[in-house]
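Subject: The structure, and what I found in it

Hi there,

Here is the structure I promised to pass on. Please have it open while you read, and my notes come right after it.

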Amino acid sequence: MKTLQDSIIFRHGAKIKGRIVQPPMLTNSGNDGYVTQDTLDYYAARSQSAGMIIVEYTTVSENGGPSRSWARDREQLTIYDDKFKPGMAKLAIVIKKMGIKLYYNWSIPVEKLIISLNWVSRFMHQVR
């Protein structure tokens with residue numbers, strides 16, 4: 001019988017160290033769309049127990065967000081411009097430090113789909 005601690009190997013070869021997956025949950029920990037220390041701390045804590053983390057809803061278009069929340073400086077993350085890359089790279093490092101698989105949950109408006117996917121593909125190649 002399989003347990004929650006058993007590894008999983010997906011068809012494409014990716015392996016996760018357990019069967020617990022954190023789904024994307026909007027933390028509103030960003031500031032003007034940037035990754036903050038709160039963001040890093042939130043994901044660092046969760047990377048100690050999950051086998052895979054799907055990062056929260058992240059916009060890839062300036063017109064797609066970030067959404068507002070209960071406080072002016074608390075927003076969702078965004079990555080529509082290169083200026084957001086350093087924070088996202090730090091986030092990837094924090095999560096992957098524990099050997100956890102990381103997947104981003106991009107929010108892509110249909111009209112920006114092709115351009116955004118090309119940009120996202122280049123970004124993900126850089127943080128591997």
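Below is what I found, going from the whole chain down to single residues.

**The overall picture**

One thing to keep in mind first: this is a predicted model. The protein chain has 128 residues, and 40% of them count as buried. It holds three helices and six strands. If you walk along the sequence, these elements come in the order β-β-β-α-β-β-α-β-α.

Contacts across the sequence are well represented. Take the contacts between residues at least 6 apart in sequence: 61% of these join residues at least 24 apart. As for the outside, the accessible surface of the protein chain is about 7,900 Å², and carbon and sulfur atoms account for 54% of that surface.

**The core**

Which residues touch the most other members of the largest nonpolar core? They are Y43, I53, V55, L77, M88, L91 and I95, out of 16 residues in that core. Three elements give two or more residues to this core: α1 (37–46), β4 (52–59) and α2 (85–96). The largest share, four residues, comes from α2.

M88 is a good one to click on. It lies in helix α2 and is buried, with a relative accessible area of 1%. Its C-alpha atom is separated by 9.0 Å from that of T78, and these two residues are ten residues apart along the chain.

**Strand β4 and its partner**

Strand β4 also deserves a look. Six of its eight residues are buried, so β4 is largely enclosed by the rest of the structure. It pairs with β3 in the parallel sense, over two bridges. Within this pair, M52 in β4 stands opposite V21.

M52 itself is buried, at a relative accessible area of 10%. It also has a partner from far along the sequence: M52 and K101 are 49 residues apart in sequence, yet their C-alpha atoms are 4.7 Å apart in space.

**An aromatic cluster**

How many aromatic pairs are there? The count comes to three. In the pair of Y34 and F84, the ring centres are 4.6 Å apart and the planes meet at 40°, so this pair is tilted. Y34 lies in the loop between β3 (21–22) and α1, while F84 lies in the loop between β5 (77–78) and α2, so the pair ties together parts that are 50 residues apart in sequence.

The two residues differ in their surroundings: Y34 is partly exposed, at 34% relative accessibility, whereas F84 is buried, with a relative accessible area of 3%. Together with Y80, they form one aromatic cluster.

**The salt bridge**

As a reminder, side chains of opposite charge can pair when their charged atoms come close. The structure holds one salt bridge. It is formed by the side chains of K85 and D82, with a distance of 3.7 Å from N to O.

Is each partner buried or exposed, in whole or in part? K85 has 18% relative accessibility and counts as buried, because the cut-off for buried is under 20%. D82, at 44% relative accessibility, counts as partly exposed.

**Two backbone angles to look at**

Last, two residues in the loop between β3 and α1. N28 is found in that loop, and its phi is near 50°, a positive value in a residue other than glycine. D32 lies in the loop between β3 and α1 as well, and its phi is near 55°, again a positive value in a residue other than glycine.

Their accessibility puts them in separate classes. N28 is buried, with a relative accessible area of 12%, while D32 is partly exposed, with a relative accessible area of 49%. Y34, from the aromatic cluster, lies in this loop too.

Happy browsing, and do write back with any questions.

Best wishes

Note on methods: Residues are numbered from 1 along each chain as its sequence is written. This is a predicted model: local features need pLDDT of at least 70, side-chain atom pairs count only at pLDDT 80 or more; totals for chains, interfaces and linings use all residues. Side-chain values use heavy atoms; hydrogens and water are left out. A nonpolar core is a set of buried Ala, Val, Leu, Ile, Met, Phe, Trp, Tyr and Cys residues joined through side-chain atoms within 4.5 Å. Buried means under 20% relative accessible area, exposed over 50%, partly exposed in between (1.4 Å probe, protein chains only). Contact means heavy atoms within 4.5 Å. Accessible areas come from the Shrake-Rupley method with a 1.4 Å probe; for residues, only the protein chains shown count as cover. A salt bridge is a side-chain nitrogen of Lys or Arg within 4 Å of a carboxyl oxygen of Asp or Glu. Rings of Phe, Tyr and Trp (its six-membered ring) pair if their centres lie within 6.5 Å; planes under 30 degrees apart count as stacked, over 60 as edge-to-face and the rest as tilted. Two strands pair if DSSP finds at least two bridges between them.
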